[in-house]
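Me: I am new to this structure and would like to learn how to read it. Could you take me through it feature by feature, with the general idea before each case?

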Amino acid sequence: MQDYTHATGTIIGKDGFEIFFQSWIARKPEGVLVIAHGLGEHSGRYANLINALSGKGVHVYALDHRGHGMSAGKRGHVNSFSEYTDDLKIFMNIVKNYHPDLPVILLGHSMGGVIAFSYALAYPNDINALILSSAGLIPAVEPPAVKAKMALFFSKILPGVAVSNELDAEQISHDRKTIDTYISDPLVHDRITFKWFSEFVAEEQKCMDHAADLNMPLLVFHGTDDRICDFSGSILTHEKASSKDKTIHLFEGLYHETMNEVEFERAKVLDMVSTWITKHIKPAKAAKSGLVKKAAPKKSAAPAGKAKSAPAKKAAPKAKAKAKTKAKKVKK
């Protein structure tokens, strides 16, 4: 990350929650990438992607969703899935304010893929392109019907009770170092509440029902041996999306975190993703500069400190978690 200036800070999200974020500011920016991470993890787990983008003129911003990483909130809990997209909207507004003349691409991984998908449906004009990495649209293993019904029942009477998310860290990647780092990471956790489960299931279905409403440039990629999120959700999204510019890459034999796979496999994934980003940023920037009036002087530095507007809730304690990856690229 030699070509980046790194900074961290906090913003105040929905309902006064303090949301942690990180930024990697490029020297000669052409565009902005915003990352929405997956369930139980945090913004600090995307070093491979950030390294791949180093020197390519892309600012990178990533937040820790509420109840994750260094952000406030009960681990693995929301009262409504829209709290994630509301926080992201506040964050996106700040990012766009700092870089009004730059195109913005939103990337979501796993649960973050559902958040990014929902955001693109709600605020299509906020982003110039959407990337879905192993999006959690269809689970690889459906929970037993009885268990699912019990969870939905308890979400009404015991919404805040937390249980294990039952994700197996051995299934995030074939790379031993990735797995061991994930397991020992104090900012990773394995908690979900009954209410989170019911909200997530409903949001998955909503996204699939409205996939045809996606019309921005779209990149979808997934490992075919993902045992956490079924790659059929990515195929269906690509098929249904109305985007004229849409691409899908399926990586044969890779696990859930394709960008964190063994080195020679992840190199293929990262080269594909970084190439797609840079290819889509330049024309988007040209189009944007032709439409946007010259505004107030833009700030080149990231919001490095705190941008508070309401008292923040104390961050929840750290916890544990789980993970996923192997590869051959197939482009459809």
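Reply: Let us start with a single residue: Asp 213 lies in the loop between helix H6 (194-209) and strand E9 (218-223), where helices (H or I, at least four residues) and strands (E, at least two) are DSSP runs numbered from the N terminus. This is a predicted model, in which local features need pLDDT of at least 70 and side-chain atom pairs count only at pLDDT 80 or more, while totals for chains, interfaces and linings use all residues. Residues are numbered from 1 along each chain as its sequence is written, and side-chain values use heavy atoms, with hydrogens and water left out.

Me: Is Asp 213 buried, exposed or partly exposed, and how far is Asp 213 from Pro 124 in sequence and in space?

Reply: Buried means under 20% relative accessible area, exposed means over 50%, and partly exposed lies in between (1.4 Å probe, protein chains only). Asp 213 counts as partly exposed because its relative accessibility is 49%. Asp 213 and Pro 124 are 89 residues apart in sequence, yet 9.4 Å apart in space, C-alpha to C-alpha.

Me: What does the whole chain look like in these terms?

Reply: The chain has eight helices and twelve strands, and 55% of its 332 residues count as buried.

Me: Which residues does the salt-bridge network join?

Reply: A salt bridge is a side-chain nitrogen of Lys or Arg within 4 Å of a carboxyl oxygen of Asp or Glu, and a search of the whole structure finds 14 of them. Asp 87 forms one with Arg 66, the closest N and O atoms being 2.7 Å apart. Asp 87 lies in helix H2 (residues 82-98) and Arg 66 in the loop between strand E4 (58-63) and H2, so this pair ties together parts that are 21 residues apart in sequence. Both Asp 87 and Arg 66 are buried. As for the network, salt bridges that share partners join Glu 41, Arg 45 and Glu 257.

Me: How close do the atoms come in the salt bridges of Arg 45 with Glu 41 and with Glu 257?

Reply: The side chains of Arg 45 and Glu 41 meet at 2.6 Å, N to O, and the closest N and O atoms of Glu 257 and Arg 45 are 2.9 Å apart. Because Glu 257 lies in the loop between strand E10 (246-251) and helix H8 (263-291), and Arg 45 in the loop between strand E3 (31-36) and H1, their pair ties together parts that are 212 residues apart in sequence. Arg 45 is buried, with a relative accessible area of 12%, as are Glu 41 at 2% and Glu 257 at 3%.

Me: What volume does the largest cavity have, and which residues line it?

Reply: On a 1 Å grid over the protein atoms alone, a cavity is a set of points where a 1.4 Å probe fits but cannot get out, and lining residues have an atom within 4 Å of a point. Grid points are joined across faces, edges and corners, and a volume is the space filled by probe spheres set on the points. The largest cavity has a volume of about 70 Å³, and its lining includes Glu 41, Arg 45 and Glu 257, along with His 109 and Ser 133.

Me: Where is Ser 134, and what is notable about its phi?

Reply: Ser 134 is found in the loop between strand E6 (129-133) and H4, and its phi is near 45°, a positive value in a residue other than glycine. Ser 134 is buried, with a relative accessible area of 0%.

Methods: On a 1 Å grid over the protein atoms alone, a cavity is a set of points where a 1.4 Å probe fits but cannot get out, and a pocket is an open set with protein on both sides within 12 Å along at least five of seven lines; lining residues have an atom within 4 Å of a point.
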